[in-house]
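Here is a short report on one protein model. Look at the sequence and the structure first, then read on.

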Amino acid sequence: MGEMSEINAEVAESAVRAAHEVRTVFSRLRRRLKESYDNEGLTPSQTSALSRLSKEGPASASDLAAAERVRPQSMAATLAVLEERGLIQRRPDPGDGRRQLVSPTDGGRAFLEDKRRAGEEWLARALQDGCDERERATILEAMALLDRLVR
């Protein structure tokens, strides 16, 4: 049999079902969160690159392309749009003057913060309207368990 069948034989059915449900729900949740804010015309790859720079700090275009798993030419086009929109800035790499490091501007960080806030506001309203206090407590308990798994 295939590899999945071997895994299923070694793992409790409830664990396999839970893994499937968690992946499915998180995928839907991610889509709904993305729908809850306006990307102001940015593509998913542009938003992803800006978000990575915000989380991981300044990077060269080639390092960012590798991290995002895209061709350097694609990343150059992505960065050109972000720079034109005033969301990133380029500075010489202090360790190698031939390279430039890209980082978010204050406007880029504000864009990401607005996006995060809009998503959390949508989710808080959905939890308020769609769940009672006991259900929200259950969700918090489940999140603590999932957090424990990923740490």
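## The buried side of helix 4

In this predicted model, the buried residues of helix 4 are L64, A65 and E68. These three residues cover an arc of only 105 degrees around the axis, so they sit on the same side of helix 4.

What do the buried residues of helix 4 pack against? Their partners are helix 3 (44-56) and helix 5.

## Helix 4 against helix 5

Two packed helices are described by the angle between their axes and the distance between the axes. Take helix 4 (residues 61-68) and helix 5 (residues 72-84). Their axes come within 9 Å. They cross at roughly 110 degrees. Angles of 65 to 115 degrees count as roughly perpendicular, so helix 4 is roughly perpendicular to helix 5.

Which residues meet here? Helix 4 brings A61, L64, A65 and E68. Helix 5 brings P72, M75 and L79. By type, the residues of this contact divide into 6 nonpolar, no polar and 1 charged. L64, A65 and E68 appear again in this contact, and they are also the buried residues of helix 4.

## The loop after helix 4

R69 follows helix 4. This residue lies in the loop between helix 4 and helix 5. Its phi is near 60 degrees, a positive value in a residue other than glycine.

Is R69 buried or exposed? Its relative accessible area is 77%. The cut-off for exposed is over 50%, so R69 is exposed.

## A hairpin of two strands

Now turn to the strands. Strand 1 covers residues 88-93, and strand 2 covers residues 96-104. They pair in the antiparallel sense. How many bridges join them? The pairing runs over 6 bridges.

Strand 1 and strand 2 form a hairpin. There are 2 residues between the strands. One bridge links D93 to D96, its partner in strand 2.

## K34 in helix 2

K34 belongs to helix 2 (residues 13-35). Its relative accessibility is 47%. Partly exposed residues fall between the buried limit, under 20%, and the exposed limit, over 50%, so K34 counts as partly exposed.

How are K34 and S60 placed? Along the chain, they are 26 residues apart. In space, their C-alpha atoms are separated by 27 Å.

How values were computed:
Residues numbered from 1 in each chain as written. Predicted model: local features only at pLDDT ≥ 70, side-chain atom pairs only at ≥ 80, totals over all residues. Heavy atoms only, no water. Axes fitted to C-alpha atoms, helices over the stretch in contact; angles between N-to-C directions. Helix = DSSP H or I, 4+ residues; strand = E, 2+ residues; numbered from the N terminus. Parallel < 35°, antiparallel > 145°, perpendicular 65-115°, else oblique. Contact = heavy atoms within 4.5 Å. Nonpolar A, V, L, I, M, F, W, Y, C, P; charged D, E, K, R; others polar. Buried < 20%, exposed > 50% of the residue type's maximum accessible area, 1.4 Å probe, protein only. Arc of directions from axis to C-beta. Pairing = 2+ DSSP bridges.
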